[in-house]
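Please find below a colleague's note on helix packing, arranged as numbered points.

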Amino acid sequence: MKKVALLITLAFGIFSASAQKPAYEKTMTDLVSKMQQTQYNESLQPLTNKMERIAAAETEEWLPAYWAAYGHAMESFRKQDSGEKDQLLELAEKSLAKAEAISPENDEIEVLKAQIASARLSVDPMNRFQTYGPKFGSSLELAEKINSTNPRVVYLKAMNAFYTPENFGGGKAIAKPLFEQALDKYSKFEQKSAMHPSWGKMESEYFLSQCQ
């Protein structure tokens, strides 16, 4: 009888997990779609808060923690106060560390590390370049090593060139071919699922138009 009861318990657990997965995937797909379609002048915080709650519940899934980190990082660009920016970026780093603990050697996580490093740098470029410049570069280098087809690697290189003054080795002439290369990679990019990252294409198109 004990053996039968154990089998029933195991079967029920498997059934419950299977039943929960479609609900998880639907919720994640909806949230990710909204996050990636949110306009620059709109706050991502409400969606990020929801993603954090999912991350707390789904401790074996890296994507909720990744998207919580993404939301905090993107929200930091909307803030004017450097203290507020840094607070959000600290939250982003904590969430991303949770994602990395679940999924190490992940190119998307390395790309987002680079994005966060870029955001940290933008708060105080003169005093932070020596710290966050190398972090930006090393994260992108590792992301490219893991997955050379990831278009977000080239997209972030292009963005960095676009915002770097010409006398420091950047400028639109340097950024333009990088945006073109990024868009070529986006045209061939196959998203693993609707929950996985696909951001950067619209931004590449926009910034390329600014390089003409």
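The points that follow concern two helix pairs in a predicted model.

1. The first pair consists of helix α2, spanning residues 45–57, and helix α3, spanning residues 62–76. Their axes lie 8 Å apart and form an angle of about 155°. Angles over 145 degrees count as roughly antiparallel, and α2 and α3 are therefore described as roughly antiparallel to each other. The crossing of α2 past α3 is left-handed.

2. On the α2 side, the residues in contact are Q45, T48, M51, E52, I54 and A55. They meet P64, A65, W67, A68, G71, H72 and E75 of α3. Sorted by class, this contact of α2 with α3 comprises seven nonpolar, four polar and two charged residues.

3. The second pair is formed by helix α7 (residues 151–163) and helix α8 (residues 172–188). Here the packing angle is about 165°, and the axes are 8 Å apart. By the cut-off of 145 degrees for a roughly antiparallel arrangement, α7 and α8 are therefore also placed in that class. As α7 passes α8, the crossing is left-handed.

4. Helix α7 contributes P151, R152, V154, Y155, K157, A158, M159, A161 and F162 to its contact with α8. The partners in α8 are K172, I174, A175, L178, F179, Q181, A182, K185 and Y186. By class, the contact of α7 with α8 holds 13 nonpolar residues, one polar residue and four charged residues.

Notes: Residues numbered from 1 in each chain as written. Predicted model: local features only at pLDDT ≥ 70, side-chain atom pairs only at ≥ 80, totals over all residues. Heavy atoms only, no water. Axes fitted to C-alpha atoms, helices over the stretch in contact; angles between N-to-C directions. Helix = DSSP H or I, 4+ residues; strand = E, 2+ residues; numbered from the N terminus. Parallel < 35°, antiparallel > 145°, perpendicular 65-115°, else oblique. Left-handed = near helix turned anticlockwise from the far one by under 90°. Contact = heavy atoms within 4.5 Å. Nonpolar A, V, L, I, M, F, W, Y, C, P; charged D, E, K, R; others polar.
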